[in-house]
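The following note sets out points for a colleague who is examining this model at the bench. Please read it alongside the sequence and the coordinates.

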Amino acid sequence: MIPNDHFDRLERVERVAHRMDRAFRLPFTSIRLGWDSVIGLVPGIGDTLALAPAAWIVNEAREMGAPTILLGRMAGNIAIDWMVGLLPLVGDILDVGYKANTRNARLLRDWLEHRDRIPEAQPVPFVEPTPAPAAAA
């Protein structure tokens, strides 16, 4: 079971990811975008400013004990989102579809749920070997 502290933190991570990636729906479409896309429209610094909440999500995962490989995948998602967002206009359009924060929140949830399903390794009790019977002479 996910510890209450981790569950509360995961809920905060998912709320931030929702605000950054899916807070608004474009009228007359099913396209959702968030503050990451809106901030990304500011030339030059928008996508860099959007790194702060993304980095916070990765830090929360680190503090919950996420393995290095997971943190690396999360950082990779952020790097892709940032690099794509740097492309003028085309990058802004692609950025709406990538949703790195949502991907990272999902990775964190999956890891926490998977970690919970794997029982802790139980120590194997030591058993004294029984002596072999003496051979009859």
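1. A nonpolar patch on the surface, of about 350 Å², is formed by I80, W82, M83 and L86. A patch here consists of residues with over 30% relative accessible area and no salt bridge, where like charges are joined within 9 Å and nonpolar side chains (Val, Leu, Ile, Met, Phe, Trp, Tyr) within 5 Å. Accessible areas come from the Shrake-Rupley method with a 1.4 Å probe, and for residues only the protein chains shown count as cover. One of the patch residues, L86, belongs to helix α5 (residues 68-86). L86 is partly exposed, at a relative accessible area of 41%; the classes are buried under 20%, exposed over 50% and partly exposed in between (1.4 Å probe, protein chains only).

2. The model is predicted: local features need pLDDT of at least 70 and side-chain atom pairs count only at pLDDT 80 or more, whereas totals for chains, interfaces and linings use all residues. Residues are numbered from 1 along each chain as its sequence is written, and side-chain values use heavy atoms, with hydrogens and water left out.

3. The protein chain contains seven helices and two strands, in the order α-β-β-α-α-α-α-α-α from the N terminus. Helices (H or I, at least four residues) and strands (E, at least two) are DSSP runs, numbered from the N terminus. Of the 137 residues in the chain, 34% are buried. The accessible surface of the chain is about 9000 Å², and 67% of that surface belongs to carbon and sulfur atoms. Among contacts (heavy atoms within 4.5 Å) with a separation of 6 or more, 60% are between residues 24 or more positions apart.

4. Helix α4 (residues 51-63) has 13 residues and spans 18 Å from its first C-alpha to its last, close to the expected 18 Å at 1.5 Å a residue. That expectation is 1.5 Å times one less than the number of residues. The buried residues of α4 are P53, A54, I57, V58, E60 and A61. Viewed down the axis of α4, these buried residues fall within an arc of 155 degrees, so they line one face of the helix; the arc is that of the directions from the helix axis to the C-beta atoms. After α4 comes G65, with a positive phi near 95 degrees.

5. Seven salt bridges are found in a search of the whole structure, each being a side-chain nitrogen of Lys or Arg within 4 Å of a carboxyl oxygen of Asp or Glu. Which residues share a network of salt bridges with R9? The linked residues are D5, R9, E60, R62 and E63.

6. Within that network, R9 bridges to D5, with the closest N and O atoms 3.9 Å apart. Both residues lie in helix α1 (residues 4-21), four residues apart, about one turn of the helix. R9 is buried, with a relative accessible area of 11%, while D5 is partly exposed at 45%. R9 also forms a salt bridge with E60 (2.9 Å, N to O). This pair links distant parts of the chain, with R9 in α1 and E60 in α4, 51 residues apart. Both R9 and E60 are buried.

7. A further salt bridge joins the side chains of E14 and R109 (2.6 Å, N to O). This pair also links distant parts of the chain: E14 is in helix α1 and R109 is in helix α7 (residues 100-117), 95 residues apart. E14 is partly exposed, with a relative accessible area of 23%, whereas R109 is buried at 15%.
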